[in-house]
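Me: Hi, I've just opened this one and I'm new to it. Could you walk me through what I'm looking at?

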Amino acid sequence: MKEEKYQERIMDYLDGNLTAKQAEELKKALREEGYDLSRLDEMDEMVRQLDEIRAPEPREEMKEKFFHMLEEEKSRIESKERSLDALLKPFRTLLEPVYLPKMLYASLILIVGMILGHWIIPDKQFQYQTSLMMEEMQSMKTLMALTLIDQSNATDRLKAVSYTGELSNPDEKVLEALLKTLSNDPSVNVRLASLDALSRLIGNETVRTGLVESISNQDSPLVQIAIAELMITIQEKRAIPEFEKLLDREDLNQTVAEKITESIKILT
Amino acid sequence: MNSNPETNLDPVSDTALMLKVKAGDIEKLSLLYERYSKMLFGFFWRMSGSVETSEDLVQTVFYRILKKRSQYKGKGKFSSWMFQIAHNLWADHYKKNHRIDLKDDMERWELKEGLSTDEQIEHEEQLRQLRTALHSLSDDKREVIILSRYQGMKYNEIANILGTTEGAIKIKVFRALTELREQYAKIENR
């Protein structure tokens with residue numbers, strides 16, 4: 001029997017979904033396949049009998065149980081709402097018409113205060129961390145400068161002088177090292193670099209005094225002229241006696257002597 | 001397919017009621033109970049054969065609906081969602097009990113018009129045998145027959161509840177009916 005391919009069609013027949021013509025066509029096809037049509041009639045009869053098996057009525061208790069369950073659930077929800085209500089009661093009082101404008105005004109002040117506070121005062125923690133980091137970098141650069149300035153290599157000493165230029169507030173040790181370099185370093189370039197670095201620190205009295213005292217120690221015409229120009233710029237009259245000592249030197253370069261003479265005139 | 005008048009309900013209205021239950025107006029569940037409790041009872045009675053078990057299971061379905069109301073999405077028919085709960089509940093119950101009780105409602109057959117007393121007795125006997133044959137089927141075969149013949153469900157709705165295709169359900173119902181006819185014939189010929 002090849003009823004498999006007609007299974008869905010047979011269900012349509014049993015469900016009464018086929019027209020008389022379609023039902024005839026189905027029966028004809030089944031007959032041709034060798035299907036015993038009495039089985040179809042038996043199944044049709046059985047399906048009709050199935051429909052006659054009526055379920056009994058449920059007992060009244062079932063409904064009573066349901067409504068009891070519903071009432072219990074309602075009580076549970078109400079009790080939950082009551083506890084929530086009791087919890088929120090103090091907050092609700094604040095939202096009453098009498099207090100509401102005051103609450104809104106207070107909230108507005110608070111919000112404005114928070115915004116202004118955030119805007120005006122930067123984050124203290126961030127500020128503290130930044131300043132700590134800057135301090136660490138300063139001390140590291142100071143250490144590097146002081147270490148390199150004593151090196152035998154002129155390039156290292158130039159680097160050291162360059163580091164001091166990056167220090168926002170060099171300490172006394174750095175100033176002493178720069179003044180010592182200006183007076184004693186064998187390299188003219190290093191001495192000129194240290195003079196340049198010191199020229200940015202002329203607000204410091206130690207630097208100004210040190211610069212004046214170093215004039216007599218200079219033997220390089222380039223450094224001598226550079227110091228003379230700096231003294232004019234900062235109008236340091238204490239340089240005049242030092243310049244006069246230089247003029248007394250027999251080995252003084254002619255151009256330098258002219259420059260020094262001119263400088264003394266300007267400062268006088 | 002059987003067109004059960006109990007099932008000619010407005011699904012939109014069912015959905016609206018259930019959405020109200022979900023929103024907290026749980027009183028509306030009583031209207032859905034009035035509409036569907038007998039249909040559910042019929043399903044469980046045909047599956048279990050026991051009035052008491054069926055009443056308990058109907059109660060449990062509505063309890064689950066109440067507790068799972070927040071999960072209701074409002075998509076599809078409410079009755080399909082409800083029968084999905086009923087189907088799962090029956091599967092759990094059957095797994096635990098695995099027992100069918102057919103003895104408590106023998107006097108409930110309706111009288112058929114135009115039959116003599118002898119014919120009425122014979123008719124009742126046939127229905128009793130058919131019901132016995134129905135309960136001799138496996139649980140899943142019995143369920144597709146009940147859902148399609150008694151609950152007035154379309155094959156696509158059953159497929160939705162059982163998580164399969166409409167075609168597969170149609171074939172499953174056909175095979176279940178074929179087996180039922182064979183079982184019924186065996187009982188008749190005893």
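**Finding our way around**

Reply: Sure, let's begin with how chain A is put together. Among its contacts between residues at least 6 apart in sequence, 60% join residues at least 24 apart. Keep in mind that this is a predicted model.

Me: OK, and how many helices and strands does chain A have?

Reply: Chain A has 13 helices and 0 strands. Reading from the N terminus, you just meet one α after another.

Me: How much of chain A is buried?

Reply: Of its 268 residues, 34% count as buried. As for surface, chain A exposes about 17400 Å², with carbon and sulfur atoms supplying 57% of that.

Me: Now chain B. What's in there?

Reply: Chain B has 8 helices and 0 strands. It has 190 residues, and 49% of them count as buried. The exposed area of chain B is about 9100 Å², and carbon and sulfur atoms supply 47% of it.

Me: And what share of the contacts in chain B join residues at least 24 apart?

Reply: That's 69%, counted among contacts between residues at least 6 apart in sequence.

Me: Let's switch to where the chains meet. How many residues does each one put into the contact?

Reply: Chain A brings 35 residues and chain B brings 51 residues.

Me: What area gets buried there?

Reply: About 4400 Å² is buried between chain A and chain B, and carbon and sulfur atoms give 61% of it. In general, the size of an interface is often given as the accessible area lost when the parts come together.

Me: What about polar contacts between the two chains, how many residue pairs?

Reply: There are 19 residue pairs in polar contact between chain A and chain B, counting pairs with both residues at pLDDT 80 or more. On the chain A side, α1 (7-14), α3 (37-52) and α4 (60-94) each supply at least two of the residues that touch chain B. The largest share comes from α4(A), with 11 residues.

Me: What sort of residues make up that side of chain A?

Reply: They divide into 17 nonpolar, 2 polar and 16 charged.

Me: With charges around, how many salt bridges are there between chain A and chain B?

Reply: The count between the two chains is 11 salt bridges. Over all chains, a search of the whole structure finds 30.

Me: Can you show me a few that cross over?

Reply: Happy to. One of them pairs the side chains of A:Glu57 and B:Lys38, at 3.1 Å from N to O. A:Glu57 sits in the loop between α3 and α4 of chain A, while B:Lys38 belongs to helix α2 (residues 29-48) of chain B.

Me: Why does A:Glu57 count as partly exposed?

Reply: Because its relative accessibility is 49%, and the partly exposed class runs between under 20% for buried and over 50% for exposed. B:Lys38 is also partly exposed, at 44%.

Me: Got another one?

Reply: Yes, A:Glu73 and B:Lys67 meet in a salt bridge of 2.8 Å, N to O. A:Glu73 lies in helix α4 of chain A and B:Lys67 in helix α3 (residues 51-67) of chain B, so this pair joins two chains.

Me: Is A:Glu73 buried or exposed?

Reply: A:Glu73 is buried, at 5% relative accessibility. Its partner B:Lys67 counts as partly exposed, at 36%.

Me: Which residues are linked with A:Glu73 in a network of salt bridges?

Reply: The network links A:Glu73 with A:Arg76, B:Lys67 and B:Arg69.

Me: And what about a salt bridge inside chain A?

Reply: Try A:Arg157 and A:Asp185, whose side chains meet at 2.6 Å, N to O. They are 28 residues apart and link distant parts of the chain: A:Arg157 is in helix α7 (residues 154-165), and A:Asp185 is in the loop between α8 (172-184) and α9 (188-199). Both A:Arg157 and A:Asp185 are buried.

Me: Last one. Where does A:Arg200 lie?

Reply: You'll find A:Arg200 in the loop between α9 and α10 (205-214) of chain A. It counts as exposed because its relative accessibility is 54%. Its side chain has a polar contact of 3.2 Å with that of A:Asp196.

Me: How far apart are A:Arg200 and A:Gly165?

Reply: In sequence they are 35 residues apart, and in space 8.1 Å, C-alpha to C-alpha.

Notes. Residues are numbered from 1 along each chain as its sequence is written. Chains are lettered from A and ligands numbered from 1 in the order in which they are written. This is a predicted model: local features need pLDDT of at least 70, side-chain atom pairs count only at pLDDT 80 or more; totals for chains, interfaces and linings use all residues. Side-chain values use heavy atoms; hydrogens and water are left out. Contact means heavy atoms within 4.5 Å. Buried area is the accessible area (1.4 Å probe) that two parts lose on being put together, summed over both. A salt bridge is a side-chain nitrogen of Lys or Arg within 4 Å of a carboxyl oxygen of Asp or Glu. A polar contact is a pair of N or O atoms within 3.5 Å; within protein, one must be able to donate a hydrogen and the other to accept it, and residues adjacent in sequence count only if both atoms are side-chain atoms. Helices (H or I, at least four residues) and strands (E, at least two) are DSSP runs, numbered from the N terminus. Ala, Val, Leu, Ile, Met, Phe, Trp, Tyr, Cys and Pro count as nonpolar, Asp, Glu, Lys and Arg as charged, and the others, Gly among them, as polar. Buried means under 20% relative accessible area, exposed over 50%, partly exposed in between (1.4 Å probe, protein chains only). Accessible areas come from the Shrake-Rupley method with a 1.4 Å probe; for residues, only the protein chains shown count as cover.
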